[in-house]
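This briefing introduces selected features of one protein structure to a reader new to the subject. Please keep the sequence and the model in view while reading.

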Amino acid sequence: MNTDFTYSLKSIRFDEHYVPSASTRLTTNFANLARGESRQKNLRRTLKMIDNRFNDLAHWDNPTGDRYAVELEIISVELDIGVRTDAAFPFFEILKTHIVDKKLNRRIDGIVGNNFSSYVRDYDFSVVLPEHNADRAEFSLPDNFGVLHGTLFKHFVNSSVYQERFSKLPVICLSVSTSKTYRRTANHHPILGVEYQQNELSLTDQYFAKMGMQVRFFMPPKSVAPLAFYFFGDLLSDYTDLELIGTISTMEAFQRIYRPEIYNANSVAGQVYHPSLNRDDCSLTQIVYDRAERSQLAVKQGKFTQEQFIKPHQRILEQWAAEAAH
């Protein structure tokens, strides 16, 4: 094929003045927080949670607990598939952390990835999957489920656009699956904490595997539940302590807001842990978050992707994905 898939990056700072762009998925954690009457208070409190947690974990040479601050940059990735269209398609958004060391007056690069927001993933999970299973007695996955998305993501990470902008491979940090059981292991990392292992791969784990990423589960010090870390290479040796702390503090804050039943629970995950959103023994943050609206918007945005990206370019996309896989 002569079709040339190219990517362009846009960035905006995530701070108390953040306003989502027109192409941002409104189901995204940070976009949801930045809407409504409480938007600025939400953002200010979220950022304070992140800074406090960072200093709690980076406690060495930090006697007053305020040495560090975390700055967040939203990276929007647009995809141009090389045909005449009105505009490039908003492929996905990720977060880039930057760490400010106020003692040494320096700014340290953090990890890129963290949150992962994808229109095509909305299409796969909110359109393709429900339609495939609508009249089936048993749940199953469609053929090639997630292959296009995964191939596009790997293509982006290997692109010159990515490699010129970022020095390390991405790490995505998400919630554990409520459909799986996790068991504590004897492995303990000083920053990531105690490692858990699951009984089987979740659908999300399988989806990220098609993006070329493997998964490990760690419960950081003073956390109450493990987080899922999706990564390339070696999570424990490829990143510095401060880089890992930046990701933990950022994504744990979002999860405490979005899934308080798991990440702001009043009891700590035990030796055998089955996460649930039906437990009410948890503390709510003072941050307004509309979880029901988030689910509804995922369907709308999945259908938007179907109409604006998949249907008009299906032949090109399928042919490109098939060739790229070889």
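In the second largest pocket, the largest share of the lining comes from helix α10, which supplies five residues. The model is a predicted one. The points below treat this pocket, then a buried helix, and finally two asparagines.

**The second largest pocket**
- The second largest pocket holds about 410 Å³ of space.
- Its lining is made up of 18 residues, of which Tyr123, Asp143, Asn144, Leu148 and Glu318 are the closest to the centre.
- Two or more lining residues come from each of α3 (119-133), α4 and α10 (314-324).
- By class, the lining of the second largest pocket consists of eleven nonpolar, four polar and three charged residues.

**Helix α4**
- Helix α4 spans residues 147-157 and is largely enclosed by the rest of the structure, because eight of its eleven residues are buried.
- The buried residues of α4 are Leu148, His149, Gly150, Thr151, Leu152, Phe153, Phe156 and Val157.
- Leu148 is thus a buried residue of α4 and also one of the residues closest to the centre of the second largest pocket.

**Two asparagines with positive phi**
- Asn105 is not a glycine, yet its phi is positive, at about 55°.
- Asn105 lies in the loop between β3 (89-101) and β4 (106-118), and it is exposed, since its relative accessible area of 71% is over the 50% cut-off.
- Asn114 also has a positive phi, near 55°, and is a residue other than glycine.
- Asn114 belongs to strand β4, and it is buried, because its relative accessible area of 0% is under the 20% cut-off.

Terms used. Residues numbered from 1 in each chain as written. Predicted model: local features only at pLDDT ≥ 70, side-chain atom pairs only at ≥ 80, totals over all residues. Heavy atoms only, no water. Helix = DSSP H or I, 4+ residues; strand = E, 2+ residues; numbered from the N terminus. Buried < 20%, exposed > 50% of the residue type's maximum accessible area, 1.4 Å probe, protein only. 1 Å grid on protein atoms, 1.4 Å probe; cavity = no way out; pocket = protein on both sides within 12 Å on 5 of 7 lines; lining within 4 Å. Points joined across faces, edges and corners; volume = space filled by probe spheres on them. Nonpolar A, V, L, I, M, F, W, Y, C, P; charged D, E, K, R; others polar.
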